[in-house]
Structure formats: structure tokens, C-alpha cells
Amino acid sequence: LMIRRPPRSTLFLYTTLFRSGAGTEGSRGRIKEFLLAAEVAMAVTLLLTGTMVYRSLQNLESLQKGFDTRNALTFRVATRGPAYQEPAARIQFFTRILEEFRSIPGVESVGSSLQQPFMAAGGFQIFAVSGLTPAPEGLEPRALLRPTQPGFFEAFGTRMVSGRDIREEDREETEPIAVVNEALVRRFLAGKDPLNSSVVTRDGQTRRIVGVVQDVRANGDSPLPVPTLFVPLRQDPSPAAMAFILRTRDTPTNMLAQVEARVQQVDPRMPVFFVQTLDRFVESLDAPTRFLSALMVAFAAMAVVLALVGTYAVVSYATTQRKREFGLRVALGASPANLATMVLKNAGNVTAIGIALGFGLSLLAGRLIEERLFQVSPFDPGMYLAGAVAVSGLMLLAAASPALRAARVNAAVTLKEG
């Protein structure tokens with residue numbers, strides 16, 4: 001059996017190839033690859049975190065659909081002084097100014113409640129659902145209690161899901177009633193018909209549920225709808241101040257002077273404060289989330305651009321350093337496609353490591369901001385898959401130019417230069 005010795009020139013090529021450390025860039029190359037993987041990880045983290053915040057903001061805005069914030073003015077009116085220590089005096093005052101507001105030309109509807117829309121301020125009321133086993137102490141159902149005047153839901157534009165609104169005839173001497181929101185029904189009345197249910201408040205009073213109103217978000221810090229009991233003001237005259245919503249056919253701010261004048265007619269000592277248009281009020285609640293979303297998008301864009309530039313720079317540098325190696329490989333029979341694939345594979349490996357690190361950091365960041373997300377899971381696999389595909393595509397696109405340069409290496413010219 002005769003074993004043919006390779007030609008001397010072929011032995012020279014193999015020896016040169018492996019002595020040159022082909023396929024590695026040394027310690028400096030590894031450091032560059034590590035830094036590139038860190039850039040990719042940061043880009044993935046900011047991209048996914050920004051997507052979570054943006055989707056949460058979109059969900060919040062979709063929750064506001066179903067009512068119209070245009071041409072609506074919101075403000076508060078308070079009672080003060082010994083003349084209003086008695087509940088009957090407060091009821092009379094708020095009833096009179098409500099009638100005055102309704103008589104203003106151009107006003108379409110007006111109503112009031114304890115708090116302005118979306119505000120979750122105020123204490124929670126412990127209650128029980130009639131017919132259900134009482135919950136253990138400390139685990140009782142709790143809901144916001146909102147003394148409300150007729151016309152509030154119409155003025156706010158909130159849709160009644162079932163049943164009826166609070167009416168003028170709901171007075172002290174009539175049956176105690178309540179209107180509840182969808183959040184309360186979902187959480188405490190699951191499986192029961194709310195219109196055939198009653199709630200018992202902490203003072204022992206039983207209130208029949210006569211209506212279910214559409215959910216609205218609570219506020220910017222806690223956007224999830226909060227279980228709420230709306231009761232007629234005449235049946236719970238505890239508030240010393242009420243939040244009014246006045247819907248008009250004209251620019252709402254033009255009504256402010258008339259609103260103040262009507263309050264002065266009833267009692268010159270009573271102020272009107274916290275005046276805002278309803279759309280501006282809603283925007284102010286979203287301001288922190290909008291700012292955070294814009295900030296995350298800006299940082300994510302910067303991180304992706306840096307990762308693109310970094311990928312191009314590192315791969316381009318590595319390709320230049322391996323130019324002699326590529327020439328030798330061509331001389332040994334490697335095709336241009338083989339060389340381009342080699343460059344892209346190396347860039348893909350670094351990108352994959354960066355994406356894996358980015359996933360871990362995104363999971364950690366998602367857990368930290370989970371309480372501020374609305375109807376968005378920080379562990380949504382579809383979101384992570386889309387992020388991985390997007391970042392991988394961009395990184396490989398950045399490596400495409402150096403890969404094409406490697407594919408065009410001329411063996412004769414490269415070896416002659418080397």
C-alpha cells in the first residue's frame with residue numbers, strides 16, 4: 001500500500017493556516033466578542049422592556065374607550081363651616097348647585113360623585129354579599145364607596161352594562177340601593193346575577209344592587225379597575241366635597257365663569273377648585289407612563305443602533321485580521337459561500353449569546369415592573385420570540401457587508417501581500 005505524500009506547497013498552506021491561529025482572534029478578539037454580546041443583551045433588554053411598557057400604555061388607552069372626554073369640565077366644590085355640619089345641609093347645598101349647573105345654557109349633562117373620574121383615593125368599605133358565606137376577618141370584600149348624585153354616569157359618558165342609574169327618587173326614605181362596577185361583579189359576585197344580589201355594608205345596612213356600570217381605570221399609579229360601590233348621595237350624605245363633571249356643547253372652559261357664579265349664588269363662601277377639562281385630566285394620569293414609554297423606546301433605539309455599529313465594527317475587524325486565513329482557505333478549496341457562512345456563523349453565535357443574556361435580564365426587569373403593567377405579561381413567549389427574530393435579523397444584516405468582503409478574498413493577491 002503506497003501512501004502518497006502531499007505536495008510541498010500543500011503542506012506549506014496547512015502549516016501556515018494552523019500556525020497563524022486561524023479561526024481565532026486571540027484574547028483581544030474574545031474581549032471584543034464579549035463586549036458585543038453585552039451590547040446585544042442590553043439592546044434586547046431595553047427592546048423587550050420598552051415593548052412591555054408600550055403595550056401596557058396601549059391597553060390603558062383602549063380601556064378608556066366607551067366614554068368621551070371631549071367638551072367636559074371637571075372640578076370640585078366643598079362645603080365648610082358650622083352651617084354644613086349637619087348632613088341635611090350638605091345634601092341641600094349639593095342638590096341646589098346641581099340644579100343651578102343644569103340650568104346653564106349649553107350644558108348637556110352634569111353630575112357629581114365623591115371623587116373625580118379615575119381617582120382611587122379614599123377609604124375602602126368592607127362589605128358582605130347577601131347569601132354568601134361571610135369571609136374570615138381580614139379577608140372581607142372591600143370596595144371604594146362613592147356617594148353619587150344623579151346624572152354622573154351620563155355626564156362622564158360611562159356606559160351602563162345592565163340595570164339602571166342612580167335616580168332623583170333614590171332618597172333617604174326609599175330602599176337603600178347601589179350601583180356597582182364590573183370589577184366588583186367579577187371579583188365578588190362570580191356566578192351570581194348582580195341585579196338579584198344585595199350587599200351589606202359595615203354599618204349593617206343592606207343595599208340592593210340596581211345597576212352595573214362599565215369599568216374605568218383607577219389612576220396612573222394603579223390602573224387596574226378597582227371594585228366600587230356607587231350609592232345615592234341622599235342615602236349617604238357624608239362627603240363635605242364633591243367632584244362634578246359638566247358636559248357642554250361648547251368649549252368647556254368657557255363655562256367656568258358661569259359655574260363659579262352659580263356656586264356664589266347659592267353660597268358666596270364656597271370655592272370651586274381643581275378645575276380641568278376632562279381630556280387634560282386623563283392625559284395627566286397617563287403622563288408618567290407615557291414618559292417612561294418614550295424613555296424606554298429612546299434607550300432601546302440607541303441600544304440597537306450601538307449593537308448594530310458594534311456588530312459591524314467587530315465583524316469587520318475580525319474579517320480584516322483573518323484576511324490571510326481566508327486566502328489560505330480559498331487556496332485549499334473553500335468556496336466564497338463557505339467564507340461568508342463562516343463570518344455570519346461567528347456573528348450569529350455572539351448574537352445568540354447576547355440574546356440569551358438579554359432574555360434573562362428582561363425577565364428580571366419584567367418582574368420588577370410587573371405591578372405597573374396593565375394586561376401585559378412580562379413572560380409572554382411571543383414577545384420574546386419576536387424580539388429575538390428582530391435583533392437576530394438586524395445583527396446579521398450588520399454582519400452581511402464584512403461577510404461579503406470575506407467572500408471576495410482573492411487567494412493569490414492575499415498570499416502575495418502576506
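Helices here are DSSP runs of H or I with at least four residues, numbered from the N terminus. This is a predicted model. Two features are covered: a cavity and a helix crossing. The second largest cavity draws the largest share of its lining from helix 7. Helix 8 and helix 9 cross at roughly 140 degrees.

**Second largest cavity**

- The structure holds four cavities of 30 Å³ or more.
- The second largest of them has a volume of about 70 Å³.
- Its lining consists of Val-53, Ser-56, Pro-288, Thr-289, Leu-292, Ile-369, Arg-372 and Leu-373.
- Two elements, helix 2 (26-63) and helix 7 (278-321), each give two or more residues to this lining.
- Helix 7 provides the largest share, three residues.
- By class, the lining of the second largest cavity has five nonpolar residues, two polar and one charged.

**Crossing of helix 8 and helix 9**

- Helix 8 spans residues 323-331 and helix 9 spans residues 336-369.
- Their axes come within 10 Å.
- The crossing angle is roughly 140 degrees, and the two helices are therefore oblique to each other.
- The crossing of helix 8 and helix 9 is right-handed.
- Helix 8 makes the contact through Glu-325, Phe-326, Arg-329 and Val-330.
- Helix 9 contributes Leu-339, Met-342 and Val-343 to the contact.
- Five residues of this contact are nonpolar, two are charged and none is polar.

Technical notes: Residues are numbered from 1 along each chain as its sequence is written. This is a predicted model: local features need pLDDT of at least 70, side-chain atom pairs count only at pLDDT 80 or more; totals for chains, interfaces and linings use all residues. Side-chain values use heavy atoms; hydrogens and water are left out. On a 1 Å grid over the protein atoms alone, a cavity is a set of points where a 1.4 Å probe fits but cannot get out, and a pocket is an open set with protein on both sides within 12 Å along at least five of seven lines; lining residues have an atom within 4 Å of a point. Grid points are joined across faces, edges and corners, and a volume is the space filled by probe spheres set on the points. Ala, Val, Leu, Ile, Met, Phe, Trp, Tyr, Cys and Pro count as nonpolar, Asp, Glu, Lys and Arg as charged, and the others, Gly among them, as polar. Axes are lines fitted to C-alpha atoms, for helices over the stretch in contact, and angles run from 0 to 180 degrees between N-to-C directions. Angles under 35 degrees count as roughly parallel, over 145 as roughly antiparallel, 65 to 115 as roughly perpendicular and the rest as oblique. A crossing is left-handed if the near helix is turned anticlockwise from the far one by less than a right angle, and right-handed if clockwise. Contact means heavy atoms within 4.5 Å.
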